[in-house]
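Here are a few exercises to work through with the model open in your viewer. Try each one yourself before reading the solution.

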Amino acid sequence: MALALCPGSFDPPTNGHIDIVERAARHFDRVIVAVLRNPDKKPLLEVEERVKLLDDALGHLPGVEVDSFEGLLVDLAKERGADVIVKGLRSTSDMGYELQMAHINAALAPGTDTVFIAASPEWTFVSSSMVKQVASYGGDVSPFVPASVAEALARHFTSSEGRV
Ligand code: PNS
C-alpha cells in the first residue's frame, strides 16, 4: 500500500491543488493531504475551514484523507508511514524553492523522497495569493477554485474590511 503525503498551506485551496491531489490519487493507494498549521503566520482562512473545504472538494476520492499538522513535515511523514511527499510544480520559478525543501527534508530524514507532478497547463498561473487578492477586491474567483472555496472567500471578504 503506497502512501503519499501532499502538504501545503492551502490558504485557500485552488483548482491547481485539487488537480495535483486527484492525479496523485491515481498513482498511490492512499493520499494524505496535510494542511500546515503555522503559528508564525496569520492565515486568511482558519486551518479547520481549509480542512473542511479540502474534504468537500476531495470527498469523491476514496483513498484521500485530509488532516492538519504542526511542526516538521518529515515528522508527520514518519508518524503516518508515508512513502513519498508529493508536490505540484507550476513553473521553473517554483522549482528552486521546491527543490530546496525536498533536499532539506531528505537531509533531515534520509530516504525521504519528494515526487513532483507537473501542474496541468490550465492551472499554472493560479496561486492562493493571487486568488486571495482577486477575491479581496470583489473579483470573480470561481474559475480558479472549487465553488465552496469561492463562497467561503466571498463570505470572508464581505464580513471583513480587510484587503490582502
Ligand atoms: O503551500 P506551500 O508553500 O507549498 O507549503 C509549504 C509546506 C507546508 C510544504 C512547508 O512549509 C512545510 O513543509 N512546512 C513544515 C515545516 C517544515 O517541515 N520545514 C522544513 C522543510 S521547508
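**Exercise 1.** Is Phe-144 buried, partly exposed or exposed? Place its ring partner on the same scale, then describe the aromatic pair they form.

*Solution.* Keep in mind that this is a predicted model.

Step 1: take the relative accessible area of Phe-144, which is 21%. Buried means under 20% and exposed means over 50%, so Phe-144 counts as partly exposed.

Step 2: do the partner, Phe-125. Its relative accessibility is 53%, so Phe-125 counts as exposed.

Step 3: turn to the geometry. A pair of aromatic rings is described by the distance of the centres and the angle of the planes. The structure holds one aromatic pair. For Phe-125 and Phe-144 the centres are 5.9 Å apart and the planes make 90°, an edge-to-face arrangement.

Step 4: put the pair on the chain. Phe-125 sits in the loop between strand 5 and helix 5 (128–136), while Phe-144 belongs to the loop between helix 5 and helix 6 (147–159). With 19 residues separating them, the pair links distant parts of the chain.

**Exercise 2.** What is the strand order of the open sheet, and which strands are at its edges?

*Solution.* Step 1: read off the order. The five strands run 3-2-1-4-5, with parallel pairing.

Step 2: look for strands that pair on one side only. These edge strands are strand 3 and strand 5. From one strand to the next, the twist averages 30°.

Step 3: see what packs on the sheet. Helix 4 does, touching strand 4 and strand 5, and its direction makes about 170° with that of strand 4.

**Exercise 3.** Now zoom in on strand 4: how many bridges join it to strand 5, and what is the hand of the crossover between the two?

*Solution.* Step 1: count the bridges. Six of them join strand 4 to strand 5 (residues 113–118), and these strands run parallel. One place to look is Lys-87, which stands opposite Phe-116 in strand 5.

Step 2: follow the chain. From strand 4 it passes through helix 4 (residues 92–108) to strand 5, making a right-handed β-α-β crossover.

Step 3: check the other neighbour. Two bridges tie strand 1 to strand 4, again in parallel, and Ala-4 stands opposite Val-84 in strand 4.

Step 4: ask how covered strand 4 is. Five of its six residues are buried.

Step 5: pick a spot on the crossover helix. Leu-99 lies in helix 4 and, at 34% relative accessibility, counts as partly exposed. C-alpha to C-alpha, Leu-99 is 9.5 Å from Phe-116, with the two 17 residues apart in sequence.

**Exercise 4.** Which residues have the most contacts inside the largest nonpolar core, and which element gives the most to that core?

*Solution.* Step 1: list the hubs. In this core of 22 residues they are Val-31, Val-33, Leu-54, Leu-58 and Val-86.

Step 2: trace the contributors. Elements giving two or more residues include strand 1 (3–8), helix 1 (15–27), strand 2 (30–36) and strand 4 (84–89). Helix 2 gives the most, with five residues.

Step 3: follow one hub. Setting aside neighbours within four places in sequence, Leu-58 touches Ile-18, Val-21, Val-33, Val-64 and Val-66.

Step 4: don't stop there. A second, separate core has 14 residues, among them Leu-45, Trp-123, Val-131 and Ala-152.

Conventions:
Residues numbered from 1 in each chain as written. Predicted model: local features only at pLDDT ≥ 70, side-chain atom pairs only at ≥ 80, totals over all residues. Heavy atoms only, no water. Core = buried A, V, L, I, M, F, W, Y, C linked by side-chain atoms within 4.5 Å. Buried < 20%, exposed > 50% of the residue type's maximum accessible area, 1.4 Å probe, protein only. Helix = DSSP H or I, 4+ residues; strand = E, 2+ residues; numbered from the N terminus. Contact = heavy atoms within 4.5 Å. Pairing = 2+ DSSP bridges. Right-handed = clockwise from strand over helix to strand, strands pointing away. Phe/Tyr/Trp six-rings, centres within 6.5 Å; stacked < 30°, edge-to-face > 60°. Axes fitted to C-alpha atoms, helices over the stretch in contact; angles between N-to-C directions.
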